[in-house]
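Work through the exercises below with the sequence and the coordinates open side by side. Each task is followed by a solution that goes step by step.

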Amino acid sequence: MQKVSARIALSLCLLTLLFGACRRDLRSARGVVEEFVDQHYVRIDLQKAKEYSVGIALEKINEEIRLTSGQVIDATTRKPGVHYRLLEKKEGERRASFLYEGTIRAEDAPEFKRRWLIAARKEADQWRVANFTEYE
């Protein structure tokens with residue numbers, strides 16, 4: 001019985017470490033940018049994406065919110081499947097940019113790709129998305 005309890009405890013510790021290692025570091029430019037990409041492009045949660053935005057990016061998100069007002073996007077909304085990968089990064093002490101390629105799959109439509117150039121800047125001690133541009 002003690003061996004089983006020890007194995008369960010060890011398994012729980014390993015799972016905790018694994019989940020902790022998989023979490024995004026929101027103190028890093030890349031962590032904040034990827035959280036923004038997840039909220040904006042994958043989950044389509046503009047209010048949440050807004051939390052990671054400043055400057056021009058914040059203005060763009062606010063405009064998207066205005067343009068989509070009245071359109072309910074919730075758990076029942078059929079959303080496309082979006083996967084992305086980092087193509088290029090440039091990081092400095094206070095500014096960074098990341099180029100991602102997104103693959104979008106929607107029901108009853110052919111798969112397509114987009115590229116997102118995301119610029120981040122450090123304000124005080126927090127990274128925020130300062131601008132984003134989408135390319136075909």
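The exercises that follow concern a predicted model, and they take up its sheet, a hairpin, a core and one residue.

**Exercise 1. Establish the strand order of the open sheet, and determine which strands stand at its edges.**

Solution. Begin with the pairing: the open sheet has 4 strands in the order S1-S2-S3-S4, and the pairing is antiparallel. Next, look for strands with a single partner; these are S1 (81-91) and S4, which stand at the edges, so that one side of each is left without a neighbour in the sheet. Finally, ignoring direction, neighbouring strands of this sheet are turned against each other by 25 degrees on average. On this sheet packs helix H4, which touches S3 and S4 and whose direction makes about 60 degrees with that of S4.

**Exercise 2. Describe how S3 and S4 are joined, and state what is found in their hairpin.**

Solution. The antiparallel strands S3 and S4 are joined by 9 bridges. Moving to the end of the ladder, one finds Glu123 opposite Gln126 in S4. The hairpin of these two strands has 2 residues between them, and in this hairpin Ala124 takes a positive phi near 60 degrees.

**Exercise 3. Identify the elements that contribute to the largest nonpolar core, and follow the contacts of Phe132.**

Solution. The core has 22 residues, of which Val33, Phe36, Val37, Trp116, Ile118 and Phe132 touch the most other members. Two or more residues each are given by helices H2 (29-42), H3 (46-50) and H4 (55-67), and by strands S2, S3 (112-123) and S4 (126-135); the largest share, 6 residues, comes from H2. For Phe132, set aside the neighbours within four places in sequence: the residues in contact then include Phe36, His40, Tyr41, Ala57, Lys60, Ile61, Glu64, Leu117 and Ile118.

**Exercise 4. Decide whether Thr103 is buried or exposed, and trace its surroundings.**

Solution. First place the residue: Thr103 lies in strand S2, which spans residues 95-105. Its relative accessibility is 10%, and because the cut-off for buried is under 20%, Thr103 counts as buried. Residues up to four places away in sequence being left out, Thr103 touches Gly81, Val82, His83, Glu111, Phe112 and Lys113. With the last of these there is also a polar contact, formed between the side chains of Thr103 and Lys113 at 3.0 Å.

Key:
Residues are numbered from 1 along each chain as its sequence is written. This is a predicted model: local features need pLDDT of at least 70, side-chain atom pairs count only at pLDDT 80 or more; totals for chains, interfaces and linings use all residues. Side-chain values use heavy atoms; hydrogens and water are left out. Buried means under 20% relative accessible area, exposed over 50%, partly exposed in between (1.4 Å probe, protein chains only). A polar contact is a pair of N or O atoms within 3.5 Å; within protein, one must be able to donate a hydrogen and the other to accept it, and residues adjacent in sequence count only if both atoms are side-chain atoms. Contact means heavy atoms within 4.5 Å. A nonpolar core is a set of buried Ala, Val, Leu, Ile, Met, Phe, Trp, Tyr and Cys residues joined through side-chain atoms within 4.5 Å. Two strands pair if DSSP finds at least two bridges between them. Axes are lines fitted to C-alpha atoms, for helices over the stretch in contact, and angles run from 0 to 180 degrees between N-to-C directions.
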